[in-house]
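User: I would like a close look at one part of this protein, the central strands and what packs against them. Please take me through the pairing, the burial and the core contacts, then set that part in the whole chain.

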Amino acid sequence: MKVDFWQLSRDPVEKVVALIAGRVLGSDERMLVVAEDAHRRQEISRGLWKAGPESFLANGEASGEGADKQPILLSDKCESPNSASHVVFADGEWRDPAGFERAFLLFDESSLEAARATWRSLDGAEGLERSFFRQDDGKWVKVA
């Protein structure tokens, strides 16, 4: 399993989720976005629908009708009715990503210490590849 840590600085979470979602869908995969706060999930959903002038990233709530058909689901739980291979923890809170091929932990200054603790807790985990990304002049750069 791959685990990516993305430190948010310049761009808001909804823009970063849309960036990741575009890449995931471009690989013909599905994605689950987890955030406990319903308002944050609504902001992320709007950001996905308005991702670009020529495209939008269709999404819905995991509790909604037809959730199994949605390419991107938003939920407060780490459960995926759409058989997603990728999960994004959009609120800085780590959860067990069992059953996913790749997990993304998005965190900002307020959740920096928790992200560091999560990084350390995953140290030496068998079959796990960690990466750390940060923005540098607007570009995402892999630091570790």
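Analyst: In this predicted model, β2 and β4 pair in the parallel sense, over 4 bridges. Within that pairing, Val34 has Ser75 of β4 as its bridge partner. β2 spans residues 31-34, and β4 spans 72-75.

β2 also pairs with β5. That strand covers residues 86-89, runs parallel to β2, and is joined to β2 by 4 bridges. Two partners fix the register. Met31 is bridged to His86, and Leu32 is bridged to Val87.

The sheet continues from β5. β5 and β6 are parallel as well, again with 4 bridges. Here Phe89 stands opposite Leu105 of β6.

Now the side chains. In β2, Met31 and Val33 point one way, while Leu32 and Val34 point the other way. All four of these residues are buried. β5 is likewise covered on both faces. His86 and Val88 lie on one side of β5, Val87 and Phe89 on the other, and all are buried.

What do these strands pack into? The largest nonpolar core has 23 residues. The members that touch the most others are Val17, Ile20, Met31, Val33, Leu48, Val88 and Leu106. At least two residues of this core come from each of α1, β2, α2 (38-49), β4 and β6 (102-107). α1 gives the largest share, 7 residues. In general, nonpolar side chains tend to be buried together in soluble globular proteins.

Val88 of β5 shows the packing in detail. Setting aside neighbours within four places in sequence, Val88 is in contact with Val17, Ile20, Met31, Leu32, Val33, Val34, Phe104 and Leu106. Val17 and Ile20 belong to α1 and are buried. Met31 to Val34 make up β2. Phe104 and Leu106 fall within the range of β6, 102-107. A second core lies apart from the one above. This other core has 18 residues, among them Val3, Leu32, Leu112 and Leu122.

The helix that feeds the larger core deserves its own check. α1 runs over residues 13-26, 14 residues in total. At 1.5 Å a residue it should span 20 Å, and its end C-alpha atoms are indeed 20 Å apart, so the expected and modelled spans agree. Its buried residues include Val13, Val16, Val17, Ala18, Ile20, Ala21 and Val24. The spacing has a simple reading: an α-helix has 3.6 residues a turn, so residues three or four places apart point the same way. Just after α1, Asp28 adopts a positive phi of about 60°.

Finally, the whole chain. The protein has 3 helices and 8 strands. Along the sequence they follow the pattern β-α-β-α-β-β-β-β-α-β-β. Among contacts with a separation of 6 or more, 58% link residues 24 or more positions apart. Of the 144 residues, 42% count as buried.

The overall dimensions are as follows. A compact globule of 144 residues would have a radius of gyration near 15 Å; the protein has 14 Å, so the two agree. Along the principal axes, the C-alpha atoms fill a box of roughly 40 × 35 × 30 Å. The accessible surface comes to about 7900 Å², and 46% of that belongs to carbon and sulfur atoms.

Conventions
Residues numbered from 1 in each chain as written. Predicted model: local features only at pLDDT ≥ 70, side-chain atom pairs only at ≥ 80, totals over all residues. Heavy atoms only, no water. Expected span 1.5 Å × (residues − 1). Buried < 20%, exposed > 50% of the residue type's maximum accessible area, 1.4 Å probe, protein only. Core = buried A, V, L, I, M, F, W, Y, C linked by side-chain atoms within 4.5 Å. Contact = heavy atoms within 4.5 Å. Pairing = 2+ DSSP bridges. Rg over C-alpha atoms; globule rule 2.2 N^0.38 Å. Areas by Shrake-Rupley, 256 points an atom, 1.4 Å probe, with all protein chains shown as cover.
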